[in-house]
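Student: I would like a close look at one part of this structure. Please take the strands that pair with one another late in the chain, and then show how that part relates to the rest.

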Amino acid sequence: SHAQQPKGRPSRGGSIRRSTPSSSKRSSAQGYSSVASAGSARVQGTSSRTVPTNAHAPLRSTSVSQVNQQRSRAVRKTKRAQSGRRRLVIGICALVLVLLGVAGFVLYQSNTFAVEKVTVSGVQHLTSEEMTELAQIPRDTTLLRLDAAGIESRLASNPWVLEAHVERNFPNMVNLNITERTIAAIVDMKVDDSATSETWALSSDGMWLMKIPDQNSEEGKALAQTIYDDAARALRITDVPYDSKPEAGTLYDNANIENALTIISGMSTDLAGRVKNVAASDAQSTTLTLDNGIEVAFGNAENIRDKERVILQLMEEYPNKIAYINVRTVSNPIWRTV
């Protein structure tokens, strides 16, 4: 008898003969099955996963130039949008300005905000009536048509007025805000070669303010009381020779007056406030009269501080005993006791 070929060994024809179990048993023994679906393949094994059928599809490449072109197109699009918005805003603003201009022109030409009241502030030596008359505000004007610059110029033509500002107070009032000059000195000026003289008020900035009339005259009674009050407290310069005629609204031009004012302004102590009168007949012989009655022959405006120091020293050494001091030559002062 022939011996049986062992199972699993190759036959003489080179093939292996196996027993084929039923499909159900094979599935159960090996633990996997084959399942096909559209667009995917499932790998058989103890665990399964889905592999896309296009896993080996070729990748698309994009060049740097294409990216830059796309970016440039996006930037241009954004700029066009922004430019359009700007043009829209500019157009709206232009329309608003035109409408405001038309409305303003109509309002300017109308009688809206007509001036009905004029007030004056800051005056002491002048009167409100004087300033209102000098301002010359037209009766039919409005706050919008008011010529403020012209009014301020007319007000400044008065020597007392240092500064003038026109203030519009809506709806119908104008205020004239005045800053006045102050009296620095009262000067007795000779009007001719005789003893006749005129009294003039001189401002702190050297402008002739006005001729001061006698307070009991009709002209004097019409002036503000403040003028005479300030004149009584101001420095008085006397004995000025006739060589120039004062004119209100002009600056003084007199060497004697210049010398007297330079002496007072050059003092560093309260001695300047104690000078009540300066006789300025000549620059070399300028004489001061103090509030205690002492006469000081000061001379010209040289060595002011040294002369001032000598005067104060003598007054301290001889209290209430000196009547006269001469410091024209400061190195050799002379004094006289009572």
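Tutor: What follows starts with the paired strands, moves to the core and the salt bridges, and ends at the surface. Keep in mind that this is a predicted model.

Begin with strand 12, residues 287–290, which pairs with strand 11, residues 275–279. The two run antiparallel and are joined by four bridges. One place to look is alanine 279, which faces threonine 287 of strand 12.

Strand 12 also has a partner in strand 13, residues 295–297. Here too the sense is antiparallel, with three bridges. Leucine 288 has valine 296 in strand 13 as its bridge partner. Strand 12 and strand 13 make a hairpin, and four residues lie between them. In that turn sits glycine 293, whose phi is positive, at about 90°.

Now follow valine 296 away from the hairpin. Leaving out residues up to four places away in sequence, valine 296 touches Thr286, Thr287, Leu288, Leu290, Ile311, Ile325 and Val327. Valine 296 also belongs to the largest nonpolar core, which has 33 residues. Within that core, Ile237, Ile257, Val296, Phe298 and Ile325 touch the most other members. The element that gives the most to this core is helix 9, residues 304–317, with five residues. Apart from this core lies another, of 28 residues, including Val115, Leu126, Ile183 and Ile186. As a general matter, nonpolar side chains in soluble globular proteins tend to be buried together.

Next come the charged side chains. The structure has five salt bridges, and one of them involves the turn just described. Aspartate 291 meets arginine 274 there, with N and O 3.0 Å apart. Aspartate 291 is in the loop between strand 12 and strand 13, while arginine 274 is in helix 8, residues 271–274. The two residues are 17 apart in the chain. How accessible is aspartate 291? Its relative accessibility is 46%, so aspartate 291 counts as partly exposed. Arginine 274 is also classed as partly exposed, because its value is 26%.

A second salt bridge joins aspartate 188 and arginine 236, at 3.2 Å from N to O. Aspartate 188 lies in strand 7, residues 183–190, and arginine 236 in strand 10, residues 235–240. This pair links parts of the chain that are 48 residues apart. Is aspartate 188 buried or exposed? Aspartate 188 has a relative accessible area of 16% and is therefore buried, since the cut-off for buried is under 20%. Arginine 236, at 31%, counts as partly exposed.

Another of the salt bridges is between lysine 211 and glutamate 198, where the closest N and O atoms are 3.9 Å apart. Lysine 211 belongs to strand 9, residues 208–211, and glutamate 198 to strand 8, residues 197–203, so this pair ties together parts 13 residues apart in sequence. Lysine 211 is partly exposed, with a relative accessible area of 38%.

Finally, turn to the surface. Leu88, Ile92, Val96, Leu97 and Leu100 form a nonpolar patch there, and together they have about 510 Å² of accessible area. One of its members, leucine 88, is in helix 2, residues 64–109. Leucine 88 counts as exposed because its relative accessibility is 55%, and exposed means over 50%.

Note on methods: Residues are numbered from 1 along each chain as its sequence is written. This is a predicted model: local features need pLDDT of at least 70, side-chain atom pairs count only at pLDDT 80 or more; totals for chains, interfaces and linings use all residues. Side-chain values use heavy atoms; hydrogens and water are left out. Patches are made of residues with over 30% relative accessible area and no salt bridge: like charges are joined within 9 Å, nonpolar side chains (Val, Leu, Ile, Met, Phe, Trp, Tyr) within 5 Å. Accessible areas come from the Shrake-Rupley method with a 1.4 Å probe; for residues, only the protein chains shown count as cover. A salt bridge is a side-chain nitrogen of Lys or Arg within 4 Å of a carboxyl oxygen of Asp or Glu. Buried means under 20% relative accessible area, exposed over 50%, partly exposed in between (1.4 Å probe, protein chains only). Two strands pair if DSSP finds at least two bridges between them. A nonpolar core is a set of buried Ala, Val, Leu, Ile, Met, Phe, Trp, Tyr and Cys residues joined through side-chain atoms within 4.5 Å. Contact means heavy atoms within 4.5 Å.
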